[in-house]
Amino acid sequence: MPRRGRHEPVLITIRAPGAKVALTKSDVITILQALTDAESWRRRRVDQWCRRCENAPQGRCDEHAADLELATAYDRLAVELADILPDPPGAGGAS
């Protein structure tokens, strides 16, 4: 397996035209934390009703509905990324 930095195996390689990114376990853990933070922030925003929410027939304004959709997408992606880690973050494995 390719190695990078302090002998940390590369878990994901993303290729796009003219670019390549290799993510290590530490990178994935950082992304997971960012997704967790972003999900939490979006859900807090959803809980803060506004005047448009009060008047919206579906119970949420478009902006807060979009926040809820993004929070759900962040959570789904975090679950998928966590599944690729050799051991869960905080489980005492090498990072």
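Student: What percentage of the 95 residues in the protein do buried residues make up?

Tutor: Before answering, please keep in mind that this is a predicted model, and that every value we discuss is computed from it. Buried residues make up 23% of the 95 residues in the protein. The general idea is that a residue counts as buried when its relative accessible area is under 20%, as exposed when that area is over 50%, and as partly exposed in between. As for the surface as a whole, the protein exposes about 6800 Å², and carbon and sulfur atoms supply 53% of that area.

Student: How many helices and strands should I look for, and in which pattern do they follow along the sequence?

Tutor: There are three helices and three strands, and a reader who goes along the sequence meets them in the pattern β-β-β-α-α-α. You can also look at how contacts span the chain: among contacts between residues at least 6 apart in sequence, 44% join residues at least 24 apart.

Student: What span should helix α1 have, and how far apart are its end C-alpha atoms?

Tutor: The expected span of a helix is 1.5 Å times one less than its number of residues. Helix α1 covers residues 25-47, which is 23 residues, so it should span 33 Å, and its end C-alpha atoms are indeed 33 Å apart, in agreement with that expectation.

Student: Which residues of α1 are buried?

Tutor: A general point comes first. An α-helix has 3.6 residues a turn, so residues three or four places apart point the same way. In α1, the buried residues are K25, V28, L32, L35, E39, R42 and V46, and you may like to trace them one after another along the helix in the structure above.

Student: Which residues form the largest nonpolar core?

Tutor: A nonpolar core is built from buried nonpolar residues whose side-chain atoms lie within 4.5 Å of one another. Here the largest one has eight residues, namely I12, L23, V28, L32, L35, A78, L81 and L85. Helices α1 and α3 each supply at least two residues of this core, and α1 gives the most, with three residues. To see how one member is placed, take L85, which touches L11, K25, V28, I29 and L32 when residues up to four places away in sequence are not counted.

Student: How many salt bridges does the structure hold, and where is one inside a helix?

Tutor: The general idea is that a side-chain nitrogen of Lys or Arg lies within 4 Å of a carboxyl oxygen of Asp or Glu. The structure holds five salt bridges. In one of them the side chains of R43 and E39 meet, with 2.9 Å from N to O, and both residues lie in helix α1, four residues apart, which is about one turn of the helix. The two partners do not have the same burial label: R43 counts as partly exposed because its relative accessibility is 30%, whereas E39 counts as buried because its value is 16%.

Student: Which residue forms a salt bridge with E63?

Tutor: The partner of E63 is R45, and the closest N and O atoms of this pair are 2.6 Å apart. The pair links distant parts of the chain, since R45 is in helix α1 and E63 is in helix α3 (residues 62-82), 18 residues apart. With a relative accessible area of 38%, E63 is partly exposed. R45 also forms a salt bridge with D67, where the closest N and O atoms are 2.7 Å apart, and this pair again links helix α3, which holds D67, with helix α1, which holds R45, across 22 residues. Salt bridges that share partners join R42, R45, R52, E63 and D67 into one network.

Student: Is D67 itself buried or exposed, and which residues is D67 in contact with?

Tutor: D67 counts as buried because its relative accessibility is 1%. Leaving aside neighbours within four places in sequence, D67 is in contact with R42, R45 and V46, and the side chain of D67 makes a polar contact with the side chain of R42 at 2.4 Å.

Student: Where is V46, and which residues is V46 in contact with?

Tutor: V46 is found in helix α1, and with a relative accessible area of 4% it is buried. Apart from neighbours within four places in sequence, V46 is in contact with R60, H64, D67 and L68.

Conventions
Residues are numbered from 1 along each chain as its sequence is written. This is a predicted model: local features need pLDDT of at least 70, side-chain atom pairs count only at pLDDT 80 or more; totals for chains, interfaces and linings use all residues. Side-chain values use heavy atoms; hydrogens and water are left out. Buried means under 20% relative accessible area, exposed over 50%, partly exposed in between (1.4 Å probe, protein chains only). Contact means heavy atoms within 4.5 Å. Accessible areas come from the Shrake-Rupley method with a 1.4 Å probe; for residues, only the protein chains shown count as cover. A polar contact is a pair of N or O atoms within 3.5 Å; within protein, one must be able to donate a hydrogen and the other to accept it, and residues adjacent in sequence count only if both atoms are side-chain atoms.
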